[in-house]
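Morning, everyone. Please bring up the sequence and the structure side by side. I'll walk you through one part at a time.

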Amino acid sequence: MDKDLDDFGNASGSVLINRFGWKGDDVFDADSEDSSGESLTGGDDIDLESFGPFLNMSSDVMDGDVSDFDGDCCFHDGISNAGNESLDADNENSDAESVYSFDAPPYSPVQSSEDIIQDMMTGSKDTEGVSERVGLSDQPAAEQVHALQLNSVNGEQNHAAWNGFKLVGDNIDKNFHSSFHRIHRKAASIHYFHFYAVHDRIDCSSLSDAPRCDPIDVTRLLVNLTDVAQLNDDAIVLISRILVQHLDDFQSQSKYVPLHIQSTHTAEMSNCSEVVPLGVIKKNENRVDEMCTILSDLHKYVPTETTTLQLPLPSGDVKPLESEIFHRLILGGDQLTAARARSGCSARADHGSSGQRLSGLLPVTEDWHAKMCFLKVLWNIFFKPNLSQKGTLPQLKALINCTANINPSKNMKGCEDFFLTVLHAHVICAAKSIMSKSHFDNVTDLAREIVVQYLNFDPDVKETTKDKVNLHALQVLNLGLLWHGFNNAVKEGDENRILTYYKFFLLIYKAGNCHNYYKEVINMLLQYHFLFTERQAHQLKWCRCINTQGKPGRNVSCDLHIEHLNRRLKGMIQNIHSKSPDNAIDRVAKSIGMINQVCETLEAENKVTTESTKHSRPSFSKELEMILQELEDNHVFENLDRNPTSYQHIKSVLQLCSTKELRLWIPKKVKKYQL
């Protein structure tokens with residue numbers, strides 16, 4: 001559930017840091033106003049330093065310019081450049097966690113300070129890299145959830161619970177209209193940045209924070225046979241659920257169909273997330289200078305330790321050397337927020353200290369807006385102006401008298417409701433088409449036969465049907481189950497499946513010319529497989545969802561949760577009557593979690609029964625029956641060699657680009673966009 005901060009702006013200390021188990025030297029103020037095994041590309045090398053501006057992979061931890069990478073790395077299939085190390089091993093602890101002792105934490109190999117001094121005196125290492133190899137450990141003193149206190153430990157490692165967290169933010173825009181318009185009383189508009197912190201539910205304490213030196217193998221970013229098999233297995237379960245819901249012959253077998261697809265962390269992802277609303281920053285993320293100010297405020301939440309190392313000089317004098325060690329935080333948001341955050345970090349790349357360079361933030365893109373972009377591509381395919389033949393989505397929309405504006409950008413829930421109804425109808429129609437030729441007693445066997453006959457997720461296996469009407473139905477079924485499976489993976493919090501689905505999304509975004517999002521997918525997969533440390537990659541994968549109910553299958557994407565908070569905040573702002581609305585808005589934003597808690601407590605004391613906040617979906621049996629009848633009348637799952645003019649643009653989207661073509665295409669995009 002959401003939790004509020006007690007007088008968060010008070011200079012007595014950092015509630016967030018204490019709450020999540022981090023404690024640094026600086027006390028920050030949340031109210032201050034200032035995001036085929038062939039060689040590729042003819043064997044050309046790609047300098048990994050070009051990844052820095054986009055991925056914010058700068059590893060500087062002290063004043064001075066230090067690069068993460070030493071040498072070049074080539075985009076060969078599993079082969080790195082000989083003679084050059086892709087990463088500087090001396091910088092392996094450049095992303096070390098907040099520091100409290102000279103003992104190495106279990107997730108961050110450390111070189112002792114004596115070894116560092118010896119390296120400098122012998123001249124084996126340069127002075128700029130000193131603090132990058134100063135690793136000090138972060139060890140909480142006790143395992144508590146709400147008020148963790150940390151003690152510094154000297155010479156002894158203290159094993160305790162993992163207390164990592166991530167930040168998630170988004171812009172919030174609201175217009176205020178005056179009842180009486182005058183020259184000096186015009187409509188006002190606010191553009192602020194609203195954000196929160198969420199505690200990690202997955203333990204990362206045993207994972208290393210040392211840079212990984214794996215050669216960049218492009219094939220790990222592409223769809224393989226294992227991924228196709230994973231989607232087929234998911235489709236069997238999802239199809240079985242639809243069949244037992246709508247076909248009387250199989251309703252008795254509903255207890256044999258799994259309600260939840262299990263993952264390695266199902267138990268943890270079923271727990272309630274601890275979310276801390278952190279208020280708003282009164283700056284507009286659409287402006288580069290103000291985005292830099294937003295990032296500076298967010299950087300105050302990065303657990304940091306400033307340490308002074310007494311460096312003996314050859315002359316016999318001792319020179320104090322100060323360094324900052326960051327526990328780098330993931331900053332989540334939609335594609336625009338992540339891109340603007342990277343731009344802000346790039347704008348600060350030439351500043352003096354690592355804190356001013358915003359080195360402690362790692363911008364990443366979240367899932368809900370990626371799914372919205374996926375639906376936009378489908379709408380561009382299936383809602384062409386001349387596509388009005390029977391069985392097409394525009395005709396089915398008119399058939400059920402759906403007059404709502406189902407544009408994914410404006411009415412996401414309406415789009416998903418309509419598309420889910422159409423998907424159910426196509427699944428039932430496919431099942432009846434198969435059952436007209438064979439008899440099935442087991443729903444799983446029928447679902448598996450639908451997968452074998454009608455589904456094709458392999459980009460290297462081309463569709464053979466020449467019937468455009470049949471191809472349209474197959475595309476609705478394939479892409480619909482791809483979208484439905486991604487939804488299910490998010491609800492279950494199964495991040496392994498989510499990353500697998502992103503490989504297929506890359507094909508969809510490329511087919512739909514969604515340049516920003518296919519760049520984001522390439523970026524995220526590179527971060528996970530190669531560029532992030534083991535701990536950062538684990539957080540990137542398993543900290544993408546929030547569960548506000550504490551039940552299985554109730555996870556939502558982090559960016560969807562901030563949209564919920566934005567909607568709630570706008571409603572509260574609407575009723576603010578204050579002479580200082582800016583300060584009132586900040587207080588309201590921080591109190592969202594507490595208000596919910598007070599309401600829940602009051603309802604519990606008065607024994608008021610409240611329904612779940614999960615939206616119930618009204619029955620769509622009438623609409624389903626009408627759509628199904630239309631599909632059966634048009635025999636959409638039969639190959640009759642039909643080729644109507646309005647179907648000419650229908651193509652097999654997943655097969656538009658083969659795996660071999662993608663292996664050549666990705667490095668070119670990395671060079672072009674300096675990913």
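Let me start with one term: two strands pair if DSSP finds at least two bridges between them. Here is a case. β4 and β5 pair in the antiparallel sense, over five bridges. One thing to keep in mind throughout: this is a predicted model.

Let's stay with those strands. Look for Tyr196. Which residue in β5 is its bridge partner? It is Pro277. β5 itself covers residues 275-281, and seven of its seven residues are buried. That makes β5 a mostly covered strand.

Now the other neighbor of β4. Strand β4 covers residues 188-199, and it pairs with β3 in the antiparallel sense over 12 bridges. If you want a place to look, find Leu167, which stands opposite Ala197 in β4.

How many of the 12 residues of β3 are buried? Nine are, so β3, residues 165-176, is largely enclosed by the rest of the structure. Buried here means under 20% relative accessible area.

β3 has another partner, β8. Those two pair in the parallel sense, over two bridges. Val168 stands opposite Gly332 in β8.

Move on from β8. Strand β8, residues 329-333, runs parallel to β9, and five bridges join them. Ile330 stands opposite Leu362 in β9. A helix belongs to this part too. β8, helix α7 and β9 make a right-handed β-α-β unit, with α7 at residues 335-347.

Let's look at β9 by itself. Which of its residues point which way? Leu361, Pro363 and Thr365 point one way. Leu362 and Val364 point the other way. All of them are buried. That is five of five, so β9 is largely enclosed by the rest of the structure.

β9 leads us to a cavity. The second largest cavity has a volume of about 80 Å³. Two elements give two or more residues to its lining: β9, at 361-365, and α14, at 515-531. Which of the elements gives the most? That is α14, with six residues.

Here is who lines the cavity. The list includes Val364, Thr365 and Glu366. Tyr517, Glu520 and Val521 are on it as well. So are Asn523, Met524 and Gln527, and also Arg544. What is the mix by class? Six of the lining residues are nonpolar, three are polar and three are charged.

Hold on to Glu366, one of the lining residues. How far is its C-alpha from that of Ser557 in space? The answer is 6.9 Å, although 191 residues separate them in sequence. Ser557 is found in strand β11, residues 555-557. Its relative accessible area is 4%, so Ser557 counts as buried.

Compare that with another pair. Pro394 and Lys384 are 10 residues apart in sequence, and their C-alpha atoms are 8.4 Å apart. Pro394 sits in helix α9, residues 393-399. Is Pro394 buried or exposed? Neither: at 22% relative accessibility, it counts as partly exposed. The cut-off for buried is under 20%, and exposed means over 50%.

Next, two residues with a backbone feature worth a look. Most residues other than glycine have a negative phi. Asn401 has a positive one, near 60 degrees. Where is Asn401 found? In the loop between α9 and α10, and α10 covers 412-435. Asn401 is exposed, with a relative accessible area of 60%.

Asn513 also has a positive phi, near 55 degrees. Its place is the loop between α13, at 495-511, and α14. With a relative accessible area of 55%, Asn513 is exposed.

Last, step back to the whole chain. How many helices and strands does it have? The protein chain has 20 helices and 11 strands. It has 675 residues, and 56% of them count as buried. The accessible surface comes to about 29000 Å². Carbon and sulfur atoms account for 48% of that surface.

To recap the route on your screen: β5 pairs with β4, β4 with β3, β3 with β8, and β8 is joined to β9. From β9 we went to the second largest cavity, where α14 gives the most to the lining. Trace that path yourselves. Thanks.

Definitions and conventions: Residues are numbered from 1 along each chain as its sequence is written. This is a predicted model: local features need pLDDT of at least 70, side-chain atom pairs count only at pLDDT 80 or more; totals for chains, interfaces and linings use all residues. Side-chain values use heavy atoms; hydrogens and water are left out. On a 1 Å grid over the protein atoms alone, a cavity is a set of points where a 1.4 Å probe fits but cannot get out, and a pocket is an open set with protein on both sides within 12 Å along at least five of seven lines; lining residues have an atom within 4 Å of a point. Grid points are joined across faces, edges and corners, and a volume is the space filled by probe spheres set on the points. Helices (H or I, at least four residues) and strands (E, at least two) are DSSP runs, numbered from the N terminus. Ala, Val, Leu, Ile, Met, Phe, Trp, Tyr, Cys and Pro count as nonpolar, Asp, Glu, Lys and Arg as charged, and the others, Gly among them, as polar. Buried means under 20% relative accessible area, exposed over 50%, partly exposed in between (1.4 Å probe, protein chains only). A crossover is right-handed if, with the strands pointing away from the viewer, the path from the first strand over the helix to the second runs clockwise. Accessible areas come from the Shrake-Rupley method with a 1.4 Å probe; for residues, only the protein chains shown count as cover.
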